[in-house]
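Trainee: I should like to understand how the terms for this protein are justified. May we go through them one at a time?

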Amino acid sequence: MASEHPTGDSEGAELGRFLRARRTQTSPQQAGLTVGPGLRRTPGLRREELATLAGISIDYYVRLERGKETRPSPSVLDALARALHLDDQEHQHLRDLAARAARYAPEPPPAPSRTVRPHLKLLLESLRPNPAYVISRSMDMLAWNPGGLALYAGLEDWPAKHRNLARYLFLHPAARDLFPDWDRQITGCVARLRAIAGTAPDAPDLTNLVGELLLKSPDFAGLWERYEVTGHKPARKTFHHPRVGTLTLTSQSMHLEGTPGQRIGVYTAEPGTPDHDALLLLDMTAPQPTQRPAKTDAEQHRQP
């Protein structure tokens, strides 16, 4: 259902959703099965086919998919991963979901701090003219240098607290024109959010964003239903920028140690190339807003 909310109705609900999504997207041919003549009403594998491939009973598998069985053994998880041809990232996601369903994983923490340390803001400034920014685990843009904000055309028109790269991709009218491979961009974006929300489905920073996008974007709702958790982020991105023209940049994203899931994103181009000249122009012509110091968590909580 497109209206699915990331929070589950039982400990095993998220595990069941993931198994069902992967089962319906795995063809019998991919699984090595010979399909006889006649119309198949079920997309992908049938429950009994997957159970047979994994060496478990159909009743046990149905209980897993319905969230009634919450303690599958590691060997069962590995067998299901093989039968569904999960890659390493998807396999680990399956293990993480099973750990949560079995109550081995701790309860998800509250939304992480949005505070960006001063030295990280200095780092962003030192990277100019390369566009750079710091984002939260739910893709909120927390800090940036001029090019880092200006690269996403039109994002500066939104209030700072509303600037989120997932929200931009799906809801900003400029996003489709900015990215020639917009379909690929949104697929990777949803896969990243799905992977995080699967193991922290009740975290408010994620549930609020996902709930908003499910309501406002049919494209997001359709991709969310697929439950893909493997994002293939291209090393190079092309932008059709309304201010500086077309430029192709190399992207790099890195986790920031000692932060609550924050990452830094940087775009670069080889000096002396037209792409680098475009970066220089973008940096020089970008608005130069004064970023006020990020509020502490206590200050944020005191706001009405």
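Mentor: Of the 304 residues of the protein, 47% count as buried. This is a predicted model, in which local features need pLDDT of at least 70 and side-chain atom pairs count only at pLDDT 80 or more, whereas totals for chains, interfaces and linings use all residues. Residues are numbered from 1 along each chain as its sequence is written, and side-chain values use heavy atoms, leaving out hydrogens and water.

Trainee: Why does M284 count as exposed or buried?

Mentor: Buried means under 20% relative accessible area, exposed over 50%, and partly exposed in between (1.4 Å probe, protein chains only). M284 has 63% relative accessibility and therefore counts as exposed. This residue belongs to helix α13, residues 274-285; a helix is a DSSP run of H or I with at least four residues, numbered from the N terminus.

Trainee: What makes up the largest nonpolar core?

Mentor: A nonpolar core is a set of buried Ala, Val, Leu, Ile, Met, Phe, Trp, Tyr and Cys residues joined through side-chain atoms within 4.5 Å. The largest one has 47 residues, of which Y152, Y168, F170, L193 and F220 touch the most other members. Helix α10 (residues 182-199) supplies the largest share of this core, 6 residues. A second, separate core has 26 residues, including A21, A81, L97 and Y227.

Trainee: Which residues is Y168 in contact with, leaving aside its neighbours within four places in sequence?

Mentor: Contact means heavy atoms within 4.5 Å. On that basis, the partners of Y168 beyond those neighbours are Y152, A153, L155, W158, A174, A175, L178 and F179.

How values were computed
Helix = DSSP H or I, 4+ residues; strand = E, 2+ residues; numbered from the N terminus.
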